[in-house]
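Open your viewer, load the model and keep the selection box handy. We'll take a walk through it, one selection at a time.

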Number of protein chains: 2
Amino acid sequence: MKRKITLKQIARELDVSISTVSKALSGSKEISEDTTQKIQAFAKLYNYRPNNIALSLKNRKTKTIGIIIPEIVHHFFSTVIRGIELVANKRGYNVIVGLSNESFTKEIINMEMLANGSIDGFILSISKETLLKQDYHHFNATINQGMPIVLFDRVVNEVDCDKVIVDDFKGSLKAVNKLLSTGCKNIALITTMDYVSVGRLRTQGYLEALEDGKINADANLILKIDDSLDVEGHLDVLENEIEKFFKSNKKIDGVFAVNELYAVTAMKVARKLGFSIPDDIQVIGFTDGVLSKHATPSLTTVSQHGQKMGEKAADLLIERLELEDEESVEYIGENERNEHFKTVIIETELIERDSTK
Amino acid sequence: MKRKITLKQIARELDVSISTVSKALSGSKEISEDTTQKIQAFAKLYNYRPNNIALSLKNRKTKTIGIIIPEIVHHFFSTVIRGIELVANKRGYNVIVGLSNESFTKEIINMEMLANGSIDGFILSISKETLLKQDYHHFNATINQGMPIVLFDRVVNEVDCDKVIVDDFKGSLKAVNKLLSTGCKNIALITTMDYVSVGRLRTQGYLEALEDGKINADANLILKIDDSLDVEGHLDVLENEIEKFFKSNKKIDGVFAVNELYAVTAMKVARKLGFSIPDDIQVIGFTDGVLSKHATPSLTTVSQHGQKMGEKAADLLIERLELEDEESVEYIGENERNEHFKTVIIETELIERDSTK
């Protein structure tokens with residue numbers, strides 16, 4: 001077997017970025033004609049075939065689903081994978097997992113590696129760096145070559161495919177309404193930076209709930225955490241940041257946090273500052289993981305139903321793969337196909353525990 | 001490209017198990033000559049090549065490491081993967097993850113899928129079902145075909161390869177000694193069924209510590225939990241089982257649990273029964289995950305250093321892969337090669353928090 005060249009090797013040889021190679025090979029207009037020609041010629045010389053996905057798809061089915069997640073140490077993504085696996089196994093498919101580690105380049109490398117004959121289709125959640133760059137050419141190129149993608153949780157309009165999302169907006173609306181209905185007047189929001197779509201939607205839900213409750217939003221009551229603080233080892237930094245926030249906003253009587261780590265850390269800090277939960281401060285989180293169940297007091301939270309999301313995503317992908325089998329003899333126009341794309345919304349649920357009244 | 005037949009398809013066609021096919025193709029004597037001939041003939045007819053690993057290895061390096069873990073919703077395995085990834089990325093390798101879901105058959109299927117040209121070598125932890133069956137032919141066949149394996153955490157003597165383990169025995173010795181030195185007289189052990197090697201070693205450490213402390217072990221103070229109760233949704237069952245255990249052993253003043261979920265659940269049940277922690281009952285867990293840090297009181301625990309295990313496993317595998325590159329011209333005898341295999345022991349550490357005196 002002749003050694004096949006990879007995107008990474010082409011990029012290194014020509015001293016350009018992997019993204020540039022990827023774009024040039026898919027004929028993107030963002031790249032200059034000169035560069036595109038150079039890259040395409042080099043790729044041809046070394047047998048790189050941008051359309052090898054389509055070739056391999058015609059000839060075999062691997063019965064394997066490729067999953068790409070941004071982070072492995074993350075309860076939510078784990079439960080989504082469990083859901084995908086459950087349905088995949090039932091329907092005779094295997095799964096294989098790649099990790100983007102929140103990196104745009106790693107996302108491209110992993111997709112190239114898996115798409116290269118190992119899998120029939122992708123289920124994936126977009127990396128933070130990709131969301132920040134707003135560069136989605138690698139998803140669209142993969143879809144155009146005939147390999148279906150289902151996006152879950154972190155999705156964007158710019159990619160036309162089946163999607164599974166939770167209703168982040170309504171979820172936080174429910175949470176903040178609960179805090180309002182139990183008497184909170186100064187509800188703080190602990191959230192992520194804006195470019196992460198779920199953080200943005202949850203922030204919108206918070207603002208809308210306040211407006212409905214005729215309460216003016218106060219920018220001082222919104223704490224935006226740099227996401228790199230999620231990881232272990234930075235827990236102290238997270239704690240300090242939340243402590244400073246509480247100290248400069250003494251009237252806080254309710255907290256809505258966009259994930260359970262922030263919520264549990266907020267409870268810890270509040271306790272340390274002498275507040276009692278839920279009497280002085282009520283707290284609600286998002287994502288129902290082990291931390292929420294085992295915290296003291298146990299945490300009221302908006303459940304995303306990760307497993308259900310995974311099950312639904314696997315159903316959508318397998319249905320599309322098997323539909324394509326049936327339809328492969330007749331031509332389907334691009335638009336006609338796109339009309340079939342579904343966005344499934346998984347309803348969130350407010351699970352009430354002891355951190356609220 | 002001609003469609004390649006898989007182990008699963010051969011098994012279905014001939015109405016035998018995947019394991020039988022796998023053994024027959026690797027020439028195992030456990031399978032009758034008749035069956036072996038039938039399976040080998042069928043495989044040949046449909047172009048299944050048991051030695052395609054060796055073929056593909058000669059011709060290309062994928063620079064990808066295949067990881068197979070028994071369970072995805074598991075903090076320890078996640079941190080090991082993070083460690084592998086860290087080192088792999090630094091040394092120019094990618095990783096890809098397959099899940100055995102604690103199933104023997106899925107372990108074989110995943111290994112076949114990944115070994116088929118996608119990866120250069122494996123890092124894996126053995127599934128519970130494989131340990132129960134004590135059937136390790138698929139690991140040995142893979143190694144004999146020239147693809148290196150590094151086993152971590154759940155390892156066995158029957159497979160000759162590089163291994164990374166934590167010192168489970170010494171880890172629990174430290175934990176129980178801590179309980180003894182702070183005055184506990186009736187120390188309970190909450191553990192798993194015996195066939196999981198780590199559970200067994202931790203149990204041995206517990207017994208040895210008691211013996212050193214001149215305390216007779218009491219079989220009534222050992223609770224063996226059916227592992228299927230680990231999963232969410234069965235938390236109530238786990239709680240009930242531990243509650244029954246406490247009620248029928250009222251003198252318990254210390255608990256050592258072989259994982260953090262059992263430890264945190266034990267604290268919850270103890271509190272519910274009116275005991276104060278650590279005054280009435282001290283508790284120590286194993287594995288330092290998010291639950292331990294965020295429990296109330298925070299849990300004293302034996303840290304396994306999952307990330308360090310992953311880093312070490314990746315180093316061992318990459319060293320072997322790169323050593324093989326250098327040595328590929330000269331012949332190395334089987335025994336000579338085996339002498340190079342290393343078992344690296346990662347030291348455990350007792351992290352003292354508020355659940356002990």
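The tour below goes from the pair of chains to their interface, then into the sheets and a few backbone oddities. Keep in mind that this is a predicted model.

**Stop 1: both chains together**

Start with chains A and B as a cartoon, coloured by chain. Turn chain B by 180 degrees, with 0.0 Å of shift along the rotation axis, and it superposes on chain A with an RMSD of 0.0 Å. That is how a two-fold axis relates its copies. The two chains also use the same surface for each other, since 100% of the contact residues of chain B recur in chain A.

To find the axis, select Val97(B). Among the residues of chain B, the C-alpha of Val97(B) comes closest to the rotation axis, at 2.4 Å.

**Stop 2: the interface**

Now select the residues of each chain that touch the other. You should pick up 40 residues from chain B and 41 residues from chain A. How much area is buried between chain B and chain A? The figure is about 3,900 Å², and carbon and sulfur atoms give 57% of that.

Next, colour the elements on the chain B side. Helix H5 (75-90), strand E2 (94-99), helix H6 (104-115), helix H12 (260-272) and helix H13 (290-294) of chain B each bring at least two residues to the side that touches chain A. Which of them gives the most? Pick H5(B), with seven residues on that side.

Then switch to sticks for the polar part. Two salt bridges turn up across the interface of chain B and chain A. For one of them, select Lys106(B) and Glu85(A): their closest N and O atoms are 2.5 Å apart. Nine residue pairs, both partners at pLDDT 80 or more, are in polar contact across the interface of chain B and chain A.

**Stop 3: the sheet of chain A**

Hide chain B and look for the open sheet of six strands in chain A. Reading across, the order is E7-E6-E8-E9-E10-E12 (chain A), and the pairing is mixed. Strand E7 (222-225) and strand E12 (349-351) of chain A are the edge strands, each paired on one side only. Ignoring direction, neighbouring strands of this sheet are turned by 20 degrees against each other on average.

Zoom in on strand E9 (residues 282-286) and strand E10 (residues 300-303) of chain A. They run parallel, joined by three bridges. Select Ile284(A), and its bridge partner in E10(A) is Thr300(A).

Which strands does helix H9 (residues 168-181) of chain A touch? Show this helix and you will see that it packs on the sheet, touching strand E6 (187-192), strand E8 (254-257), E9, E10 and E12 of chain A. The direction of H9 makes about 170 degrees with that of E9(A). Add helix H12 (residues 260-272) of chain A, which lies across E6, E7, E8 and E9 of chain A and runs at about 160 degrees to E9(A).

**Stop 4: the sheet of chain B**

Swap chains. In chain B, six strands form an open sheet with mixed pairing, in the order E7-E6-E8-E9-E10-E12 (chain B). This time, go for strand E10 (residues 300-303) of chain B and E12(B), which run antiparallel and are joined by three bridges. Within this pair, select Val302(B) and Leu350(B), which are bridge partners. For a helix to go with the sheet, show H12(B): it lies across E6, E7, E8 and E9 of chain B, at about 160 degrees to E9(B).

**Stop 5: backbone oddities in chain A**

Finish in the loops, with the backbone as sticks.

- Select Ile277(A) and Pro278(A): the peptide bond between them is cis, with omega near 10 degrees. Pro278(A) sits in the loop between H12 and E9 of chain A.
- Move on to Thr296(A) and Pro297(A), where the peptide bond is cis too, with omega near -10 degrees. Here the loop is the one between helix H13 (290-294) and E10 of chain A, which holds Pro297(A).
- Last, pick Asp15(A). Phi of Asp15(A) is near 55 degrees, a positive value in a residue other than glycine. You'll find Asp15(A) in the loop between helix H1 (7-14) and helix H2 (18-25) of chain A.

Conventions:
Residues are numbered from 1 along each chain as its sequence is written. Chains are lettered from A and ligands numbered from 1 in the order in which they are written. This is a predicted model: local features need pLDDT of at least 70, side-chain atom pairs count only at pLDDT 80 or more; totals for chains, interfaces and linings use all residues. Side-chain values use heavy atoms; hydrogens and water are left out. Copies are superposed by least squares on the C-alpha atoms of residues with pLDDT of at least 70 in both. Contact means heavy atoms within 4.5 Å. Two strands pair if DSSP finds at least two bridges between them. Helices (H or I, at least four residues) and strands (E, at least two) are DSSP runs, numbered from the N terminus. Axes are lines fitted to C-alpha atoms, for helices over the stretch in contact, and angles run from 0 to 180 degrees between N-to-C directions. Buried area is the accessible area (1.4 Å probe) that two parts lose on being put together, summed over both. A salt bridge is a side-chain nitrogen of Lys or Arg within 4 Å of a carboxyl oxygen of Asp or Glu. A polar contact is a pair of N or O atoms within 3.5 Å; within protein, one must be able to donate a hydrogen and the other to accept it, and residues adjacent in sequence count only if both atoms are side-chain atoms.
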